[in-house]
Amino acid sequence: MENLKIGVIGVGHLGMHHARVYTEILGAQLTGVVDINEDRAAAIAEPLGVPHYADIETFLKVKKPDALSIAVPTSKHFEIAKIAMEHGVHVLIEKPVTSSVDEAEQLLRLAVKKDLILQVGHIERFNSAVQHVREFVNDPYMIETHRMGPFSPRISDVGVVLDLMIHDVDIVLSMVNSELVSISAMGRCVRTDHEDVASAQLQFANGAMAHILVSRVSEKRIRQMEIMEAERYITLNYETQDISVQRCVRQVGGNVVEVMEHPVFAKMEPLKLELQHFVQCVREGKQPMVGIKDGKRALEICVAVLRQIHEEKKPGVSLADAI
């Protein structure tokens, strides 16, 4: 079978890694990169031995790729994805999938109409620790996540909810097998005109709860999730991909012994796993683990969170009212 011809649109901080990883994946051939900054495009393309372009239309006409990674600013996601898909090209689009839920719905319909793979880049789903935890987590009643770090001016078009919180919203939605019924959220601007700190509480129909705290103005960097089940407490570090499982064992006589387990599993680069999965889905014609419906759902929840933060809605409103 011939290699899949793939391009990368937008080779900034994240897109350049997409380009690099595609050169390492069997069955994939990086055929070029596109960026409106031609000097940047050249700087990324030349070491990889591929041509660079300043606009997507020229690239599509000249190279005729089978698939694309889109890593441009969020405000351009819909426009670029629509152009690519109308040319019959499969797409992996970085999160958040689009700027609005309506745009996400339009891309969903276009993917169905054109019979195209449309994967959304929720990279934490491909974190080895997250994938391992999903194998044994059964019925969490509480999930708490902390995703914080120092300020960086690199992300300027969206606030911390669409930049960071959306990762954890997607993870929580994938782990709790129940309908989301209410959202309570708050946040504030600190260094930008967008919210830089935010907190959201999610309540599910089965009684499960989630608390998601994010900040991009914290002097300490934390990427952690804690999962509470009836008989165990699980801690996951996204960055080190380490997991600890704590249980209390009641012995004969009433004594309680605390047991700490540290599962051993293979750890791999999440981006490489994500792009390998995308290539496999395109080659085999199967739906991705994180498709447009997942991306749209996570975006819907984050939009509801933003409405509460910026429109000062009363906390604890129902999901229907929030959206």
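Is Cys302 buried or exposed at its relative accessibility? In this predicted model, Cys302 has a relative accessibility of 0% and therefore counts as buried. Cys281 is likewise buried, with a relative accessible area of 0%. A disulfide is a covalent bond between the sulfur atoms of two cysteines. The structure holds 0 disulfides. For Cys302, the closest cysteine sulfur belongs to Cys189 and lies 16 Å away, which is too far for a bond, because a disulfide requires the two sulfur atoms to be within 2.5 Å.

Cys302 is one of the buried residues of helix H9, an element that spans residues 292-311. This helix has 20 residues, and the distance from its first C-alpha to its last is 27 Å, close to the 28 Å expected at 1.5 Å a residue. Its buried residues also include Ile292, Gly295, Lys296, Ala298 and Leu299 in the earlier part of the list, followed by Ile301, Ala304, Val305, Leu306, Gln308 and Ile309. An α-helix has 3.6 residues a turn, so residues three or four places apart point the same way.

Leu299 of this helix is also among the residues touched by Thr98. Thr98 is placed in the loop between S5 and H5 and counts as buried, at 0% relative accessibility. Beyond residues up to four places away in sequence, the contacts of Thr98 include Thr74, Glu103 and Leu107, as well as His77 and Phe78. Thr98 also touches Ala104, and a polar atom of the Thr98 side chain lies 3.3 Å from the backbone nitrogen of Ala104.

His77 and Phe78 are both buried residues of helix H4. Helix H4 (residues 77-86) is mostly covered, with 7 of its 10 residues buried. Besides His77 and Phe78, the buried residues are Ile80, Ala81, Ile83, Ala84 and Met85. The elements that cover them include helices H3 (56-63) and H5 (101-114), together with strands S1 (4-9), S4 (67-70), S5 (90-94) and S6 (118-121). After H4 comes Gly88, whose phi is positive, near 75°.

A further buried position is found in helix H7 (residues 160-175), which contains His167. The relative accessible area of His167 is 10%, so this residue is buried. When residues up to four places away in sequence are not counted, His167 touches Lys95, Ile123, Glu124 and Arg147.

Charged side chains were also examined. The count comes to 20 salt bridges. One of them joins the side chains of Asp196 and Arg216, with an N to O distance of 2.9 Å. Asp196 lies in the loop between strand S8 (180-188) and strand S9 (197-204), and Arg216 in the loop between strand S10 (209-215) and strand S11 (222-229), so the pair ties together parts that are 20 residues apart in sequence. Both Asp196 and Arg216 are buried.

In a second salt bridge, the closest N and O atoms of Glu229 and Arg232 are 2.6 Å apart. Glu229 is buried, with a relative accessible area of 7%, whereas Arg232 is partly exposed, at 23% relative accessibility. Arg247 and Glu261 form another salt bridge through their side chains (2.7 Å, N to O). This pair links distant parts of the chain, with Arg247 in strand S13 (residues 242-250) and Glu261 in strand S14 (residues 256-261), 14 residues apart. Arg247 is partly exposed, with a relative accessible area of 29%, and Glu261 is partly exposed, with a value of 32%. Finally, Arg20, Glu24, Glu269 and Lys272 are joined into one network by salt bridges that share partners.

Definitions and conventions:
Residues numbered from 1 in each chain as written. Predicted model: local features only at pLDDT ≥ 70, side-chain atom pairs only at ≥ 80, totals over all residues. Heavy atoms only, no water. Buried < 20%, exposed > 50% of the residue type's maximum accessible area, 1.4 Å probe, protein only. Helix = DSSP H or I, 4+ residues; strand = E, 2+ residues; numbered from the N terminus. Expected span 1.5 Å × (residues − 1). Contact = heavy atoms within 4.5 Å. Polar contact = N/O pair within 3.5 Å; in protein donor to acceptor, adjacent residues only side chain to side chain. Salt bridge = Lys/Arg side-chain N within 4 Å of Asp/Glu carboxyl O.
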